[in-house]
Amino acid sequence: MMMNTTLNQLRSLRLETMAQALEHQLQQSGIGAMSFEERLALLVDREVHGRQDRRCARLLKTAKLKYPQAVIEDLDSRSTRGIERSAVMSLVLGEWVNAGHAVLITGATGAGKSWLACALAQHACRRGHSALYLRVPRLGEELRIRHANGTFTRWLDTLKNTDVLLLDDWGMAAMDSQTRADLLEIIDDRASQRATVITSQLPIEHWHEWIGDQTVADAMLDRLMQNHHRFTLTGESLRKKNPPAKGIADK
């Protein structure tokens with residue numbers, strides 16, 4: 001009876017994972033051999049990790065990654081990929097998110113650019129950072145809608161405060177002047193403050209021409225290049241599994 005009361009109180013305090021862990025402990029025949037401090041430590045540990053898991057799940061849902069299943073542990077860095085695993089892992093385990101660095105990933109269709117970008121963002125979510133995936137070819141339409149319905153400023157603040165912004169398929173479609181100006185504002189807000197990941201089939205040396213306006217291009221690329229990491233992918237997909245799992249193949 002007393003234990004039922006305790007379980008109900010834990011749940012009323014929104015300590016569901018701890019309540020489940022306590023129920024599990026009560027079902028273990030050898031639990032009496034453990035001290036009170038040991039049992040309490042295990043209960044608290046389960047609750048902490050449960051909260052971390054739930055937060056990660058919320059962050060991943062909000063991120064809307066193209067490939068949410070992409071995990072950095074599945075990276076295949078054989079020489080034919082044109083990428084060194086040590087370089088990727090040095091980035092992943094470093095402070096690129098907190099330092100607001102840019103990660104620029106280029107390569108041909110099918111090389112795994114979007115997959116790698118999503119894996120970086122997914123790992124950032126696992127470390128407690130917020131992320132958001134956007135396709136640049138659709139950005140103009142999104143911006144026009146938000147300008148029209150009055151949500152642009154609020155959305156700009158959301159982007160400004162997102163820890164990792166993933167801009168996929170950079171350079172795939174022409175930009176109008178309004179989209180160009182808005183994109184500069186987005187990049188400017190994040191420069192050296194928030195991390196930005198960009199994927200593109202277009203080599204970086206051609207980005208200036210794609211952006212179009214020389215003044216805007218100079219400003220945009222200056223901000224992206226302040227603190228950046230560059231990966232150029234070649235060959236096959238970066239994933240270890242072959243053939244790739246359904247739904248996570250790069251374009």
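**Cysteines and the sheet**

Reader: Why does C125 count as buried?

Author: The relative accessibility of C125 is 1%. Buried means under 20%, so C125 meets the definition. The model is predicted, and the value is computed from it.

Reader: What makes C118 buried?

Author: C118 has a relative accessibility of 0%. The cut-off is under 20%, so C118 also counts as buried.

Reader: How do you know that C125 is not in a disulfide?

Author: A disulfide needs two cysteine sulfur atoms within 2.5 Å. For C125, the closest cysteine sulfur is that of C56, at 6.2 Å, which is too far for a bond.

Reader: Why is C118 not bonded to C125?

Author: The closest cysteine sulfur to that of C118 belongs to C125, but the two are 10 Å apart. With a limit of 2.5 Å, that is too far for a bond. Across the whole structure, the search finds zero disulfides.

Reader: What makes the five strands an open sheet, and which strands stand at its edges?

Author: The strands run in the order β2-β3-β4-β1-β5, with parallel pairing. β2 (131-135) and β5 (228-233) are at the edges; each has a single partner strand, so one side of each lacks a neighbour in the sheet. From one strand to the next, the twist averages 15°.

Reader: How do you know that β3 and β4 pair?

Author: Pairing requires at least two bridges. Strand β3 (residues 164-168) and strand β4 (residues 195-200) have four bridges, in the parallel sense, so they count as paired. At L166, the bridge partner in β4 is V197.

Conventions
Residues are numbered from 1 along each chain as its sequence is written. This is a predicted model: local features need pLDDT of at least 70, side-chain atom pairs count only at pLDDT 80 or more; totals for chains, interfaces and linings use all residues. Side-chain values use heavy atoms; hydrogens and water are left out. Buried means under 20% relative accessible area, exposed over 50%, partly exposed in between (1.4 Å probe, protein chains only). Helices (H or I, at least four residues) and strands (E, at least two) are DSSP runs, numbered from the N terminus. Axes are lines fitted to C-alpha atoms, for helices over the stretch in contact, and angles run from 0 to 180 degrees between N-to-C directions.
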